[in-house]
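Let's take a walk through this model together, starting from one side chain and then turning to the cysteines.

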Amino acid sequence: MVSNIRDLGVAKLSEALAAGDLSSIEATESYLKRISDRNDSLNAFIFVTDEKARIQAAESDRRRAMGESLSPLDGVPMAVKDNIDISGVPTTGGIEAYRNSIAKSDAEVVRRLRAAGVVFLGKLNLHEGAHGATTANEAFGFCQNPHKPGYTPGGSSGGAGSALAAGLCAGALGSDTLGSVRIPASFCGIMGLKPTYGLVSTRGVMPLAYALDHVGPMSHSADDLALMLNVMAG
């Protein structure tokens, strides 16, 4: 049993799952417990898809037991900025009017990660409409920097930066138009990447500026980002 699950990040968690030192259910439950303990004060998550995540984790563990793991990311718990569609879950863009707007299908980048076996813990807070750098969201609550409550985690992918820095997920998807992955990465002490334009599909992502929008991986190390980007870019 691995004791410090929330400190592993994507690459080390992937290694632990492959070695049989940890199950996806154990990792998922550890993150869900951490979310339950800390999200009320951080406002990093807008929606927690706990039951869906448990089902996905159990399916991943069954695949590994049969020697049919889908990828190195199979069973790794991640979260998604709430301007990126996950089928059956609201996509709000941090906007009150879209609180009950249910996505009918996965964004292309989510589809690719799902096909790789990723477990989705939920949707992350962001600056309203992804149009700002503080994640001071009036509708869903101001997101807090876990290193110093009362301070911004940056934005617009502030929920991702906060969740990762607080150990609420192993990896996250953010979007970057004018710095929205890179700003929270720097504010929260984690890592984020704005990919080369066109490398990662933005289909199923709420647009801000079509010619400038990117979807980028966020986690704790360059190895983590490489594993995620390899799947995200296909």
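A good place to begin is the pair aspartate 85 and threonine 91, whose side chains are joined by a polar contact of 2.7 Å. A polar contact here is a pair of N or O atoms within 3.5 Å; within protein, one must be able to donate a hydrogen and the other to accept it, and residues adjacent in sequence count only if both atoms are side-chain atoms.

Before going on, note that this is a predicted model, in which local features need pLDDT (the predictor's confidence in each residue, from 0 to 100) of at least 70, side-chain atom pairs count only at pLDDT 80 or more, and totals for chains, interfaces and linings use all residues. Residues are numbered from 1 along each chain as its sequence is written, and side-chain values use heavy atoms, with hydrogens and water left out. The protein chain has a mean pLDDT of 97, and 100% of its residues reach 70 or more.

Back to aspartate 85: this residue is buried (under 20% relative accessible area, with a 1.4 Å probe, protein chains only) yet has no salt bridge. Such a bridge needs a side-chain nitrogen of Lys or Arg within 4 Å of a carboxyl oxygen of Asp or Glu, and the nearest side chain of opposite charge, lysine 123, is 5.6 Å away.

What about disulfides, pairs of cysteine sulfur atoms within 2.5 Å? The whole structure has zero of them. Cysteine 143 cannot form one because the closest cysteine sulfur, in cysteine 188, is 7.4 Å from its own, too far for a bond. Cysteine 169 is in no disulfide either, with the sulfur of cysteine 188 the nearest at 11 Å. Cysteine 143 counts as buried at 4% relative accessibility, and cysteine 169 counts as buried at 0%.

Conventions. Buried < 20%, exposed > 50% of the residue type's maximum accessible area, 1.4 Å probe, protein only. Lys, Arg positive; Asp, Glu negative; His and termini not counted. Disulfide = S-S within 2.5 Å.
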